[in-house]
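Biologist: I should like to learn how to read a buried charged residue in a model. May we work through one case together?

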Amino acid sequence: MLRRKLIVAWAAAAIGIAAAISLADWQMRRGDAKLASQAQTDTAERMAPVEIAPSRSSIESAATALPRKVRVSGVFDPDGTIYLGIRMLNGVAGFYVITPLVIGEGLPAVLIDRGWKAHDMHGGSRVGAATPPSGLVTVEGLAVTQPSALLELGGKSERRVPGIWHNLDYAAYEQATGRSVARFVIRLSSDVPSGNATDGLRREWPRPASGVEKHRGYAFQWYSLAVLIAALAAFALTQGLRRGR
């Protein structure tokens with residue numbers, strides 16, 4: 001009877017140890033992935049910008065190796081602006097303002113993340129961001145696959161343009177606007193005011209390595225739990241053997 005209990009206890013302990021180590025390794029992998037992404041971003045930001053010509057092949061080429069620093073010219077279409085919210089910056093809630101840049105007739109538009117604006121608590125659902133500059137402009141920034149995304153719970157709400165969106169969905173944007181867009185977003189460089197120095201938008205972009213310390217801390221906790229389970233199991237085995245004798 002005692003032997004059977006010890007076998008069951010050790011089997012449960014082995015499962016607990018394996019699960020704790022697996023979760024710890026997962027947290028370590030998440031941290032390593034963020035560090036690798038940060039290294040890619042840092043390298044891309046140090047490179048000279050790649051010119052995106054007004055051609056479909058140039059747009060498709062720009063989307064093949066992201067992130068990368070790019071430069072492109074076109075005309076902003078303020079009617080296609082969407083606001084990604086709610087995004088926190090230094091503890092303040094706000095929105096990222098994304099406006100399409102038309103670079104040529106019949107070509108996919110390029111979505112430009114113009115920056116972040118604080119949420120006006122008295123403005124309801126109205127963001128009130130400044131309109132982009134009119135006429136031909138040249139913008140420069142880091143092209144990324146997606147802006148920062150948030151977890152969406154429940155059904156997806158109706159997406160309107162202009163309007164507030166939870167996350168960017170390229171297919172949904174194309175359906176809502178009737179225009180095709182490139183499969184990347186350009187985050188304006190902090191030193192490039194998009195042709196309007198008074199737009200009031202802040203260009204402080206999320207760092208991929210943000211939160212790595214948290215993942216390392218969680219991993220340490222899971223590894224510690226595995227050690228604790230092993231120690232308790234060994235203690236229980238020792239006591240059981242003594243009582244058995």
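Modeller: The discussion below follows one acidic residue and the strand that holds it.

Modeller: This is a predicted model, in which local features need pLDDT of at least 70 and side-chain atom pairs count only at pLDDT 80 or more, while totals for chains, interfaces and linings use all residues. Residues are numbered from 1 along each chain as its sequence is written, and side-chain values use heavy atoms, without hydrogens and water.

Biologist: Where does Asp113 lie?

Modeller: Strands (E, at least two residues) are DSSP runs, numbered from the N terminus. Asp113 belongs to strand E5, residues 109–118.

Biologist: How many residues of E5 are buried?

Modeller: Buried means under 20% relative accessible area, with a 1.4 Å probe and protein chains only. In E5, 8 of the 10 residues are buried.

Biologist: Which side chain of opposite charge is nearest to Asp113?

Modeller: A salt bridge requires a side-chain nitrogen of Lys or Arg within 4 Å of a carboxyl oxygen of Asp or Glu. Asp113 is buried and has none; Arg187, the nearest side chain of opposite charge, is 4.9 Å away. A polar atom of the Asp113 side chain does lie 3.4 Å from the backbone nitrogen of Gly115.

Biologist: Which strands pair with E5?

Modeller: Two strands pair if DSSP finds at least two bridges between them. E5 pairs with E4 (residues 92–102) in the antiparallel sense over 8 bridges, and with E8 (residues 181–188) in the parallel sense over 4 bridges. Leu111 stands opposite Pro100 and also opposite Val185 in E8.

Definitions and conventions. Buried means under 20% relative accessible area, exposed over 50%, partly exposed in between (1.4 Å probe, protein chains only). Lys and Arg count as positive and Asp and Glu as negative; His and the chain ends are not counted. A polar contact is a pair of N or O atoms within 3.5 Å; within protein, one must be able to donate a hydrogen and the other to accept it, and residues adjacent in sequence count only if both atoms are side-chain atoms.
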